Structures are given as C-alpha cells and as structure tokens.
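Student: I am new to this one. Could we go through it together, with the reasons behind each term?

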Amino acid sequence: MPDERATVTCPDCDFRETFERLRTARSRIEDHRTETGHEAEWELHRLDSGVERAGDEAGVCGRPECTDEDSPLFRDDL
Ligand SMILES: [Zn+2]
C-alpha cells in the first residue's frame, strides 16, 4: 500500500486523488479551484486521531451561544 497521507476529493465533481505530501495536496486543491471553481476538500491520514481530538476540543467552548441547546427554552421550542 502506498504511503498516502492525504486524499483530496471534490464534492462538486468526481475528482479524487491521493497524495504523499500535504503540500502537494494543498497545491492540487488550489489548482482545482483555479481550473474549475470547485472547493475540493482533503482528508488527512495517519494524523487522524490527533486532528479529530483537536477538532473536538476546538468545538467545545463555554460561550453562551454554544450552550443554548441545553436551555429549557430551547427544548420547549415547538
Ligand atoms: Zn471539482
């Protein structure tokens, strides 16, 4: 199995390509945007656990906007 580190996919077309270097993948995303106007996305491998953990931590905050879903008013919303 090749040493793949990132998979670039595009939700607007069937573009899908794997890269060993993140820099190359990033460059390819920019090229695709230039060529087609599509916003391709990349999925990182290997670093998955760390990235997911960081994402979870980033999504948790103590601001009121983030805790509204737990308020009685929100739950009583019909
Ligand atoms: Zn595309």
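Student: Which residue is the bridge partner of threonine 9 in strand 2?

Tutor: The bridge partner of threonine 9 there is arginine 16. Before we go on, this is a predicted model, in which local features need pLDDT of at least 70, side-chain atom pairs count only at pLDDT 80 or more, and totals for chains, interfaces and linings use all residues. Residues are numbered from 1 along each chain as its sequence is written.

Student: How do you know that strand 1 and strand 2 pair?

Tutor: Two strands pair if DSSP finds at least two bridges between them. Four bridges join strand 1 (residues 6-9) to strand 2, and the two run antiparallel. Four bridges meet that cut-off, so the strands count as paired. Threonine 7, for instance, stands opposite threonine 18 in strand 2. A hairpin through six residues links strand 1 to strand 2.

Student: What makes a run of residues a strand or a helix?

Tutor: Both are DSSP runs, numbered from the N terminus: helices are H or I with at least four residues, and strands are E with at least two.

Student: What is the order of the strands in the open sheet?

Tutor: The three strands are ordered 2-1-3, with antiparallel pairing. Strand 2 (16-19) and strand 3 (41-44) each have a single partner strand, so they stand at the edges, with one side of each lacking a neighbour in the sheet.

Student: How do you know that the span of helix 1 agrees with what is expected?

Tutor: The expected span is 1.5 Å times one less than the number of residues. For the 15 residues of helix 1 that gives 21 Å, and its end C-alpha atoms are 21 Å apart, so the two agree. After helix 1 comes glycine 37, whose phi is positive, near 80°.

Student: Why is histidine 45 called partly exposed?

Tutor: A residue is buried if 20 or more other C-beta atoms, placed from the backbone, lie within 10 Å of its own, exposed if 12 or fewer, and partly exposed in between. Histidine 45 has 13 within 10 Å, so it is partly exposed. Histidine 45 sits in the loop between strand 3 and helix 2.

Student: Which elements have the lowest and the highest mean pLDDT?

Tutor: pLDDT is the predictor's confidence in each residue, from 0 to 100. Helix 2 (residues 48-59) has the lowest mean, 52, and helix 1 the highest, 96. Over the chain the mean is 76, and 55% of residues reach 70 or more. Where pLDDT is low, the predicted coordinates should not be read in detail.
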